[in-house]
Amino acid sequence: CNHFFARHFSTCELSFFSVFRLPPAPFEVVKRQRERGANQMVRRSHSEVSPRRLGKKRPSGKKPEPKKGKVLECTINIARWIKGATFKYRTPRAVKRMRELVRRLMGTWEVKVDPRLNKFLWSKGVKGTPRKVRVRLERKRYEDEDAKKKMYTLATWIPCANFHELKTHSMTP
């Protein structure tokens, strides 16, 4: 037989399905793992679920919104987010990533960027974004009681000449 796969396989009667095996369906994988026993160390294909994850479920729902105010002073390294970005997207990307970081740190969805901080981020134009920025993050409560979200974070710029040995400080409001 003069087939490409002939030197690798004993028979020449090969089909697409015998050469390229499709991964089993997830329910078959879990069933097979339960039959083997959950604690048994076995080789698994990349599509199989780990036995340790079989009985565990991820918590459903969102995190509860924080109830207290909080103040945090930290240095944000912008350079790591904009490295390799196209010039016209550098500063917009820096602002977006900064908002994401503040959401994670403070636990509030609403992030208000102070005009002075925004002016500093855009001070060198769209492609010359500053590499680092020192920021004060204040988690505050809305005065309006009918607001959907109870808390928001205000990000303000702290002018800083040197970032050497500046730590993150947490303060009470």
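Tutor: Let's start with a term: buried means under 20% relative accessible area, exposed means over 50%, and partly exposed is in between (1.4 Å probe, protein chains only). This is a predicted model, where local features need pLDDT of at least 70, side-chain atom pairs count only at pLDDT 80 or more, and totals for chains, interfaces and linings use all residues. Residues are numbered from 1 along each chain as its sequence is written, and side-chain values use heavy atoms, with hydrogens and water left out.

Student: Okay, what makes W157 partly exposed?

Tutor: Its relative accessibility is 22%, and partly exposed lies between the 20% and 50% cut-offs, so W157 fits that class.

Student: And is Y152 buried or exposed?

Tutor: Buried, because its relative accessible area is 13%, and the limit is under 20%.

Student: Why are F120 and W157 called a stacked aromatic pair?

Tutor: Rings of Phe, Tyr and Trp (its six-membered ring) pair if their centres lie within 6.5 Å; planes under 30 degrees apart count as stacked, over 60 as edge-to-face and the rest as tilted. F120 and W157 have 4.8 Å centre to centre and 20° between the planes, so both tests are passed.

Student: Then why are Y142 and Y152 called tilted?

Tutor: Their centres are 4.8 Å apart, but the planes make 40°, which is neither under 30 nor over 60, so tilted is the word.

Student: How do you know that K112 lies over the face of Y152?

Tutor: A charge sits over a ring if NZ of Lys or CZ of Arg is within 6 Å of the ring centre and within 35 degrees of the ring normal. K112 is at 4.4 Å from the ring centre, so the distance test is met.
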